[in-house]
Amino acid sequence: MSASAAVAVHSLWTTAAEPAAADRIGAPAIEYAQLAPTLIVVGAAVVGVLLEAFVPRRARYHAQVFLTVVALAAAFAAVVALAAGGHATTKAGIVAMGAIAVDGPALFLQGTILLTSLVAVFTFAERRLDPAHHGHRVDSFAAEAAAVPGSEQEKAAVKAGFTTTEVFPLVLFAVGGMLVFPAANDLLTLFIALEVFSLPLYLLCAVARRKRLMSQEAAVKYFLLGAFSSAFLLFGVALMYGYAGSVSYARIADVVDGSVSDITPALAQTMGNDVLLLIGFAMVLMGLLFKVGAVPFHMWTPDVYQGAPTPVTGFMAAATKVAAFGAMLRLLYVVLPGLRWDWRPVMWGVAIVTMLAGAIVAITQTDIKRLLAYSSIAHAGFILAGVIAATPDGVSSVLFYLGAYSFVTVGAFAVVTLVRDAGGEATHLSKWAGLGRRSPLVAAVFAVFLLAFAGIPLTSGFSGKFAVFKAAAEGGAGALVVIGVISSAIAAFFYIRVIVLMFFSEPKPEGPTVAVPSPLTMTTIAVGVAVTLALGVAPQYFLDLAGQASVFVR
Amino acid sequence: MENLIALLVAAPLLGAAVLLCGGRRLDRAGHWLGTLLAAASFVIGAVLFFDMLGRGAEERELHQHLFSWVPVEGFQADIAFQLDQLSMTFVLLITGVGTLIHVYSIGYMEHDERRRRFFGYLNLFLSAMLLLVLADNYLLLYFGWEGVGLASYLLIGFWQHKPSAATAAKKAFLVNRVGDMGLSIAIMLMFTTFGTFTFGPVLAATGETSEGMLTAIGLMLLLAACGKSAQVPLQSWLGDAMEGPTPVSALIHAATMVTAGVYLITRSGAIFNAAPDAQLAVVVVGAVTLLFGAIVGCAKDDIKKALAGSTMSQIGYMILAAGLGPIGYAFAIMHLVTHGFFKAGLFLGAGSVMHGMNDEVDMRKYGGLRKYMPVTFVTFGLGYLAIIGFPGLSGFWSKDKIIEAAFAKGGTEGWILGAVTLLGAGITAYYMTRVMIMTFFGEKRWQPAPDPDKAPSAEPGVEVHPGEMPHPHESPRSMTIPMILLAFGSVFAGGLFSLNSAFVNWLKPVTEFEHGHPPISAGAVTASTVVVLLIGVGIAYAQYGRRPVPVVAPRGSLLTRAARRDLLQDDFNHIVLVRGGEHLTRSLVYMDHTLVDGVVNGTAASVGGLSGRLRRLQNGFARSYAVSMFGGTAVLIAATLLMRGV
């Protein structure tokens, strides 16, 4: 394909940024206003660490919750202000010396991440579900994460009423990394952002109050495999640098297009070598596929989702996916559109395997958290179908899907935290039998989320799936859509099976009870239901919003 | 004036609603309310009738548009009425005979504790039937048609504590459903062909439509008519429907409901006129049923079932006449009206006899009743003379015209139809004379009342003491007066209608009319009718009048035995439809279990099995996961490189 034709195609979803400044070394220019969302969150995280150091223990919880909520809300307000100021469309640009892009997709995804995190943080702060320990209200997190499970030290910490309030700064750091991840405009920033949001997540997975060993096992697995995948990604970054002589997205894209003639002398041997490009691309892509949980890089998902404290699972399942898919979109649509004849077939394969494997393996799951984990794998496959479309509609449909999916996920995991027995959360499916008889409201709410996962009309799941499949079909991936629909049918089986179990089975005499949560979790669930139904009944406004936000800056 | 039309339907509907929803409070006055509203409907009908007479023949048609039911672009369904001479005739018949039967029921159902409900159902029936004949489009007609079916089901099964009544009601409903299906298909075909349901545009557009489509519509309408009017092959429900209270038999199965089919065919005359094949089918159905019913009527010892056979046969006459086209429509309707009088009279008479004989229905256990029930005897006798077509009485005028029209059909067909109608007239004379003689003449063959434990056939509320001999007596005034009034109709209606061809001229603007020209003179037709009639009466007299009637029925010839079993209609249905249906469902169930379920379950099982195998890959070891990731990356790289072909 000729270079000019390629440029013409890319201009469908990219606009030209101002040309970069000349090659002279000066003080870095930082556009604080446009980076405000990230700066607020990271700044608040630093303050949170200081709070841990200086605020008395009994006041920390309130201070941290307040700080976190305010920071996330303020960051969201900043995103809205930026979008309203035209930074999503006409004033979209590259900031921070070319490291960060501020454009429609970035702002949309940042907004989604911030809102999701905000409602997810409410479940972090929930302290009414577990019975009080020694007169202290406790949340889902270990009294003292550093204590060996079952040790005297742990018992003492529990007795003293300690709580791990460090989770709040950790969440803020993770959110900070997630905000940068989809906006990263060079490969190094991408990598840094990945590590910034991954490391807090590894820690968060390890701090469950109940089933601590399982939680720690999950964290270790996540950490090991995450490090493994990061290594691949970093190696891929190195190879791509070798190919293009730069880590900048725009520069790599130009080299791929063949519109760059100046060759960095040090790299004269390798520059323009397509083998380097292809291998490097595959490795970077692998790092991203790991984060979204695509097959065959998904195997951490069920173990980690099950072992992590449920609020963390909800946060991670929703926000990580948004951030990782955002980064993937930017990589594929900005850096490598010229390579799409290479990446599309590969992605086809990944999407098909992911959709089918996620749906099929979910059928035999008996634990609700593992079930939702496999469900998230299947959904990653559906979203990949939209990514593959390689059209502006593909971008907007993926954005919409991510927004819809993240609220359903946070809501569903919030409901999981409510169903409890003596051992904590009752996650085995057999214990959910007859829940609809005893707690019709909770079961009905969960049924709404399940129907949304299954993609039943009048829920956001349907709107999202329809948008994604429509984009994929129009992008020439009809066969993928057929497989997607088949997978949806298989997936519907296990979603509906849970509904049948809840409403049409006899309750067990020793069954779990449904804890009455504080307004915090109620808010999370209510927002989840509201968004799910709103995006299902009247999706057009949000589809339009995603459509307006679907042009990348380059 | 046209605003009154809706009231015709509304009055009995109101009665039904009040009586059925009103509860026990209305038990004491319910029957009066029901009768009053039926009478009100009749009065409104009469007012409209005289108003109609006051206008010229071409201006008599009235329309009332009540509201739009389904106002959708391309699909207009209206609640709208059309009152023309044809519907007027039906309105008067339905409300007139209906009111008389309401009055009669006051006495007949006196001891029944569910009398209020009975009157509610009667009103519901009346309202549905009026809707049927007043609708100005086929969709609304269908509404009334179904309403009639529902009311009929409720009334036949009124004594639902009797399994036979419950079964009969179900049978009537199911058989009618077959016909209803025909009507609904016909309406759908009409909509796709004409784009509307309204009589006017549909019937006016028959000229521009292919004959094939019209034949299809016509045959479906005929199927519908067969269901409601108990014509072969959907005749089997009528005999069993006699399980209902006798006023129901009189109202539904003589005067009104069973005539709906005749109405439908006459109303759709334009369609049949343009579809000769469908018309021929109508004639054949009519002719076959005419003989079928008559033969069955000859063999029945149950007085009501004998009358039911006769009804079937007489409606066969009407259908046959309607199938003859413009030369027959008017006579079909005329026979329908006269038949409405005398058959209602005969049924009420039969009810009166049963009322006096401990609800015995077997004519072999009657005999010599003329002295004990003089009013019943005279009115029943006049009805009898009318139905056999005794010269001068109502039945003579209408039936004779049908026979003439049958001959006038022309060609071989005409001769065959003429012969069939003549033969039918002879058989009618035979079986009706048989009924008359066995019931009112000869020696008493009364039997003590059966033990109710062994044969719980008695109608509830009637006190029957086992072993007691019946004490036949005349029925109360409320029962005899309707009988007398109907007898007047049986005697004079036909003559009045024929005066200056009044009835034919009355209907002409709606149904069209052509003079038929029989190959033999009208006088000769009349003469042969009378001769055949006398032969029939003579044979019956020789068999039942000259010899004593055995109380236990003799075995009889093969034909007699078959006729007693309704010419094996139920055996036929059982073997062909029930067994066949069972076989079909069984094989479908087998298919469902093996093929459909097999595919579904097989798919589910294989997916589940795959799931079980795949989940074993998830073994919990981080090293295995890492290998999977490593392998995946290798494949990813290899695939990317392969795609490029480097």
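Contact here means heavy atoms within 4.5 Å. Keep that in mind, and remember that you're looking at a predicted model.

**Exercise 1. Get to know chain B.**
Work out what chain B is built from, and how far along the sequence its contacts reach.

*Solution.*
- Step 1: Start with the elements. Chain B has 24 helices and 2 strands.
- Step 2: Look at burial. Of the 646 residues in chain B, 55% are buried.
- Step 3: Now the contacts. Take those in chain B between residues at least 6 apart in sequence: 80% of them join residues at least 24 apart.

**Exercise 2. Place one serine.**
Find where A:S488 sits and decide: is A:S488 buried or exposed?

*Solution.*
- Step 1: A:S488 belongs to helix α19 of chain A, which covers residues 478-504.
- Step 2: Buried means under 20% relative accessible area. A:S488 has 11%, so it counts as buried.
- Step 3: Who are its neighbours? Leaving out residues up to four places away in sequence, A:S488 touches A:F382, A:K465 and A:F469.

**Exercise 3. Walk along the border between the chains.**
Describe how chain A and chain B meet, then pick out a charged pair that crosses over.

*Solution.*
- Step 1: Count residues. On the chain A side 38 residues are in contact with 26 residues of chain B.
- Step 2: Check the area. The two chains bury about 2,700 Å² between them, and 75% of that is on carbon and sulfur atoms. In chain A, the residues that lose the most area to chain B are A:M299, A:I360 and A:T364, together 21% of what that side buries.
- Step 3: Turn to polar pairs. Between chain A and chain B there are 12 residue pairs in polar contact, and the count of salt bridges is 2.
- Step 4: Ask which elements take part. Those of chain A that give two or more residues to this side include α8 (212-244) and α13 (340-363). The largest share, 11 residues, comes from α10(A).
- Step 5: Zoom in on one pair. Side chains of opposite charge can pair when their charged atoms come close. A:D274 and B:R644 meet in a salt bridge at 2.4 Å, N to O. The pair runs from helix α10 of chain A to helix α24 (residues 622-644) of chain B. A:D274 is partly exposed at 26% relative accessible area, and B:R644 is partly exposed at 29%.

**Exercise 4. Follow salt bridges within a chain.**
Which parts of chain B does the pair B:D27 and B:R116 tie together? Then try the same for A:R437 and A:E506.

*Solution.*
- Step 1: The closest N and O atoms of B:D27 and B:R116 are 2.7 Å apart, and the two form a salt bridge.
- Step 2: B:D27 lies in the loop between α1 and α2 of chain B and B:R116 in helix α4, so the pair ties together parts 89 residues apart in sequence.
- Step 3: Compare burial. B:D27 is partly exposed at 27%, whereas B:R116 is buried at 10%.
- Step 4: In the other pair, A:R437 forms a salt bridge with A:E506, with the closest N and O atoms 3.4 Å apart. A:R437 is in helix α16 and A:E506 in the loop between α19 and β6 of chain A, 69 residues apart.
- Step 5: Here A:R437 is partly exposed at 43%, while A:E506 is exposed at 58%.

Technical notes
Residues are numbered from 1 along each chain as its sequence is written. Chains are lettered from A and ligands numbered from 1 in the order in which they are written. This is a predicted model: local features need pLDDT of at least 70, side-chain atom pairs count only at pLDDT 80 or more; totals for chains, interfaces and linings use all residues. Side-chain values use heavy atoms; hydrogens and water are left out. Helices (H or I, at least four residues) and strands (E, at least two) are DSSP runs, numbered from the N terminus. Buried means under 20% relative accessible area, exposed over 50%, partly exposed in between (1.4 Å probe, protein chains only). Buried area is the accessible area (1.4 Å probe) that two parts lose on being put together, summed over both. A salt bridge is a side-chain nitrogen of Lys or Arg within 4 Å of a carboxyl oxygen of Asp or Glu. A polar contact is a pair of N or O atoms within 3.5 Å; within protein, one must be able to donate a hydrogen and the other to accept it, and residues adjacent in sequence count only if both atoms are side-chain atoms.
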